[in-house]
Amino acid sequence: MKRRLITLWRVIHTGILNFMRNVTLATAAIAVMVVTLTIVLFSLIANATFANTIAQITDKIDISVFLKDSDTPAQTKQLIGQIKKLPNVKSVDYLDKAAALKQYEQQNAGNQQLLTAIDETTNPLPATILIKPVDLNRIQDIKTFLVKPSVASLQSDQPSYSGDRKQAIDKITHATDVLRKIGIITVAVFAVICALIIFNTIQMAIFNRRDEIGIMRLLGASTGYIRGPFIVESMIYGILSAVFSIVIVNSAFLASSNALQATSLGLLDINYANQYFDAHFWQLFALQLVLGIVLGAVSATIATRRYLKFKTK
Amino acid sequence: MILLDRVSKTYARDLGPALDRISLNVDPKEFVIVVGQSGAGKTTLLRLLTREERPSTGKIIIGGIDYDKLKDRDIPMLRRKIGVVFQDFKLLDNKNVFENVAYALEIVGVSNREIRHTVPKVLEIVNLKGKEKYMPKQLSGGEQQRVAIARAIVRQPRILIADEPTGNLDPKHAWDVIKVLEKINRYGTTVLLTTHNVEIVNKLKRRVVTIKDGKVVSDRANAGYRS
């Protein structure tokens, strides 16, 4: 056990030394890895940001059902109960006449004319049921229910669907889908390029150290002992790349928020993206580290298996 | 200690065998010199012993290990039990004398404390005390070869194989190296030495195995060189 620990430490130590001897050779591998990880990071942040935008807009959309003044509380209560049982209903709120008036006053606080047109004694506003759907694309059930004669007879007016926002949501959903696909493909392509460059780097490193490797073998070094340092070296590429990548993204956000005062870039809500990045900094960084290390280790394992021939003739 | 039973090695069919049904038995603590012209098959023989090559036919047993039953992943373990010295030293140029010797211990997981304890002792055996910090390039050929011997014996192998260790050395340095090998043999290590230096063979008065065209043509104790 102690021997194993000593050996493990020596493998890591040798890997670090080799990395330092090899920095120039490693530059290309690290550069590509930084690009790969940065794309991953941007994709994640963009994805979260779009999801947030959609959620925000969805939350603002509701269906208003206007009741008649003649409806009895029992009827209202029953109607609310029925609506709550419908599928795809997220929440149901009830505004009685007074509350509806209050909301109206708040919404038009700056407009004296509109306010004086209505006062409490004549309050013409109907009591209202507000329905929030779970999925905007499936409100047909709710619509069908609301136009049923028995339900329609309780209403003073046609229900209102703030459906004009649906288009915006569709647009963002579509953009997110496309971006996600582009992101996955780009990341995959870069990961492959990255692996190939690491292969190449390790192949060169093995070539440079072929005498040393030959001597190690003759002295009875185990396969793992010869191979380990190369894998450690590639894992260091991963760690450094993760650090560079997070620094680059961080600087990009600083630059965009300082210089441009930008709040949105097309559909991308930069403010939220920035907040998301700050709030999840350590998780994102940890993810970058893990990705970098895994990418490095896997590439190096395959490369050493291929280029270090361990069998005797 | 070393047993070869009708061992043959053929690299390519049209070239004929490099070794042709060689049988050899070396007892523990023996000092055996293998002589022969270049191309006679000496190096092939040693490469078979260190398992850099597999025999085409025949059986090899070293220190109780039957090579037929040896798996690839156990080769490192085998090599740790055999010390090997080469004509071209094979030292690591970017490590100093101490580090070169220590290296053989590092790869098998010996602690730094033990390394600091063992390496100076071994350097003393090969008469290199005080040269720990020298880089290989700063040493003479004879000194470099003694570093290589120190590295080969630092793990106390039961067998030391020396492949033309004096091939690149002038007579004085060559003799220094041979004296070190004799010393190691006195301490109880089996030594297998290949050389074509007539003077060394004649002076040593040890068992001499002569190989010619891949065959053992003579095997006699206390022999001089005859070709």
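1. Starting with the sheet in chain A of this predicted model: strand E2 (residues 89-95) of chain A is tied to E3(A) by six bridges, and the two run antiparallel. If you want a register check, look at Ser91(A), whose bridge partner in E3(A) is Lys132(A).

2. E3(A), residues 128-133, also pairs with strand E1 (residues 63-66) of chain A. That pairing has four bridges and is antiparallel too. Here the residue to click on is Val65(A), which has Ile129(A) as its bridge partner in E3(A). So E3(A) is bridged to E1(A) as well as to E2(A). When you look at side chains here, keep in mind that in a regular strand they alternate between the two faces of the sheet.

3. A few words on chain A as a whole. Its secondary structure comes to twelve helices and six strands. Of its 313 residues, 26% count as buried. Among contacts in chain A with a separation of 6 or more, 88% are between residues 24 or more positions apart.

4. Over to chain B, and a helix pair to look at. Packed helices are described by the angle between their axes and the distance between those axes. For H3(B) and helix H5 (residues 141-153) of chain B, the angle is about 30 degrees and the axes are 7 Å apart. Angles under 35 degrees count as roughly parallel, so that is the label for H3(B) and H5(B). The crossing of H3(B) past H5(B) is right-handed.

5. Which residues meet where H3(B) packs on H5(B)? From H3(B) come Val97(B), Asn100(B), Val101(B), Tyr103(B) and Ala104(B), while H5(B) brings Val147(B), Ala150(B) and Arg151(B). Sorted by class, this contact has six nonpolar residues, one polar and one charged.

6. Finally, the interface between the chains. On one side 19 residues of chain B take part, and they are in contact with 17 residues of chain A. Two helices of chain B, H2 (75-81) and H3 (97-106), each supply at least two residues of the side that touches chain A. H2(B) gives the most to that side, with four residues. As for class, the side of chain B that touches chain A has nine charged residues, seven nonpolar and three polar. Note that H3(B) turns up twice in this note: it packs with H5(B), and H3(B) also supplies residues to the side of chain B that touches chain A.

Note on methods. Residues numbered from 1 in each chain as written. Chains lettered and ligands numbered in written order. Predicted model: local features only at pLDDT ≥ 70, side-chain atom pairs only at ≥ 80, totals over all residues. Contact = placed C-beta atoms within 7 Å. Nonpolar A, V, L, I, M, F, W, Y, C, P; charged D, E, K, R; others polar. Pairing = 2+ DSSP bridges. Buried ≥ 20, exposed ≤ 12 C-beta atoms within 10 Å, placed from the backbone. Axes fitted to C-alpha atoms, helices over the stretch in contact; angles between N-to-C directions. Parallel < 35°, antiparallel > 145°, perpendicular 65-115°, else oblique. Left-handed = near helix turned anticlockwise from the far one by under 90°.
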